[in-house]
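Here is an informal walk through one structure, strand by strand and ring by ring. Keep the viewer open as you read.

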Amino acid sequence: MSQTFKDKCVVVHGGSGAIGAAVARAFAREGARVFITGRDRARLDAAVRSIEAGGGHAEAAVVDALDEQAMVRHAAEVAGRAGGIDIALNAIGIVHVQGTPLAELPLEDFFLPVQAYTRSCFLTAKAVAPHMAKRGGGVILSVSTPASRMPGPGYLGHAVACAGVEALSRHMAGEMAAFNIRTVCIRSHAIPEAVTAGSHAREVFRPAAESMGLTVEQMLAAKPPGLLVERLPSLDQMAATALFAASEGAGAMTGAVLNLSGGITLD
């Protein structure tokens, strides 16, 4: 442990999920004071235990990332206790209907992922930005998937949602530059460990797997078409990417979308 983020305050929304918890563990190991949120107290407590088992410390709160007032209150409480907020990650995921053709897709099913992803990212930034500005700057991280650049049947809502998250991150880079706040979006392919843990990625990839006569796990193990490296990303690689994006080493990086997609998307 290098303690790179010693005394830094890190907020992770979606910290009870596999990806959020992995990133929170990594920041905690590096000395950060970590605050995680989610909607399930039992899962949050389990995430805290995993962070503490890894040598870090974290505090958890039940917060609905789609509730503006709840997000504002949480950011104010964290900033009051930690003296400010340095880094925030939105790792919110949601299970939603997949595999329905456009002509048959109900409006509410289309908007469910679009609203959940973009709204939670917007509210994360809106809640933490004032506290980062008072601190002299900060980093806002978000997560998307290659669906933002991969047209295919059954993924319309998810694809638009991910493209929206990336666009939001890019736009915020320009708007928040005056406050020394950087934004970086990590575009990650499905992480097998997260799928096993019950990630929303299982539903996202189910139509493609079924079309091949495979389970999601079998499809991912079989090396998805277009993958240019030996394997799909791991939770450790996701965490390492987040650490780098938030570090001084990436101080000149903002508005970037980092591809952790194995080469499936290259832009």
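Strand E6 (residues 181-188) runs parallel to E7, and five bridges hold the pairing together on paper. One spot to click on is Ile186, which stands opposite Leu258 in E7. Bear in mind that this is a predicted model.

Zoom out and that pair turns out to belong to an open sheet of seven strands, ordered E3-E2-E1-E4-E5-E6-E7, with parallel pairing. Which strands stand at the edges? They are E3 (58-62) and E7 (256-260); each has a single partner strand, so one side of each has no neighbour in the sheet. From one strand to the next, the twist averages 20 degrees.

Two helices are worth a look against this sheet. H1 packs on it and touches E1, strand E2 (33-38) and strand E4 (87-90), with its direction at about 170 degrees to that of E2. Helix H5 (residues 156-176) lies across strand E5 (138-144), E6 and E7, and runs at about 160 degrees to E6.

**Ring pairs**

How many aromatic pairs does a search of the whole structure find? The answer is two. A pair of aromatic rings is described by the distance of the centres and the angle of the planes. Phe5 and Phe27 make an edge-to-face pair, 5.0 Å centre to centre with 75 degrees between the planes. This pair links distant parts of the chain: Phe5 sits in the segment before strand E1 (9-13) and Phe27 in helix H1 (residues 18-29), 22 residues apart. The other rings to look at are those of Phe110 and Phe111, with centres 5.1 Å apart and planes at 70 degrees; that angle is over 60 degrees, so this pair is edge-to-face too.

Are these four rings buried or exposed? The table lists each of them.

| Residue | Relative accessible area | Class |
|---|---|---|
| Phe5 | 5% | buried |
| Phe27 | 0% | buried |
| Phe110 | 18% | buried |
| Phe111 | 42% | partly exposed |

Phe110 counts as buried because its 18% falls under the 20% cut-off. Phe111, at 42%, is partly exposed.

Phe27 deserves a second visit. Not counting residues up to four places away in sequence, Phe27 touches Phe5, Val10, Ala32, Val34, Ile87, Ala242, Leu243 and Ala246. In the other direction, the C-alpha atoms of Phe27 and Gly157 are separated by 31 Å, with their positions 130 residues apart along the chain.

**Helix H9**

Ala242, Leu243 and Ala246 are among the contacts of Phe27, and they are also among the buried residues of H9. The full set of buried residues named there is Leu235, Met238, Ala239, Thr241, Ala242, Leu243, Ala245 and Ala246. What span should the 12 residues of H9 (residues 235-246) have? At 1.5 Å a residue, they should span 16 Å, and the end C-alpha atoms are 17 Å apart, which agrees.

**Two buried polar side chains**

Asp86 lies in the loop between helix H3 (68-82) and E4. Its relative accessibility is 8%, so Asp86 counts as buried. The side chain of Asp86 reaches the backbone nitrogen of Cys9 at 2.7 Å. Leaving out residues up to four places away in sequence, Asp86 touches Asp7, Lys8, Cys9, Met132, Arg135, Gly138 and Val139.

Ser142 is found in strand E5 and is buried, with a relative accessible area of 6%. Its contacts, apart from neighbours within four places in sequence, are Leu89, Asn90, Cys121, Val165, Ser169, Val184, Cys185 and Ile186. That last name brings us back to where we began, as Ile186 stands opposite Leu258 in E7.

**Positive phi**

Asp7, one of the residues that Asp86 touches, is found in the segment before E1. Asp7 has a positive phi of about 70 degrees although it is not a glycine. Is Asp7 buried or exposed? At 60% relative accessibility, Asp7 counts as exposed.

Where is Asn180 found? Look in the loop between H5 and E6. Asn180 also has a positive phi, near 65 degrees, and is a residue other than glycine.

Definitions and conventions: Residues numbered from 1 in each chain as written. Predicted model: local features only at pLDDT ≥ 70, side-chain atom pairs only at ≥ 80, totals over all residues. Heavy atoms only, no water. Phe/Tyr/Trp six-rings, centres within 6.5 Å; stacked < 30°, edge-to-face > 60°. Helix = DSSP H or I, 4+ residues; strand = E, 2+ residues; numbered from the N terminus. Buried < 20%, exposed > 50% of the residue type's maximum accessible area, 1.4 Å probe, protein only. Pairing = 2+ DSSP bridges. Axes fitted to C-alpha atoms, helices over the stretch in contact; angles between N-to-C directions. Contact = heavy atoms within 4.5 Å. Polar contact = N/O pair within 3.5 Å; in protein donor to acceptor, adjacent residues only side chain to side chain. Expected span 1.5 Å × (residues − 1).
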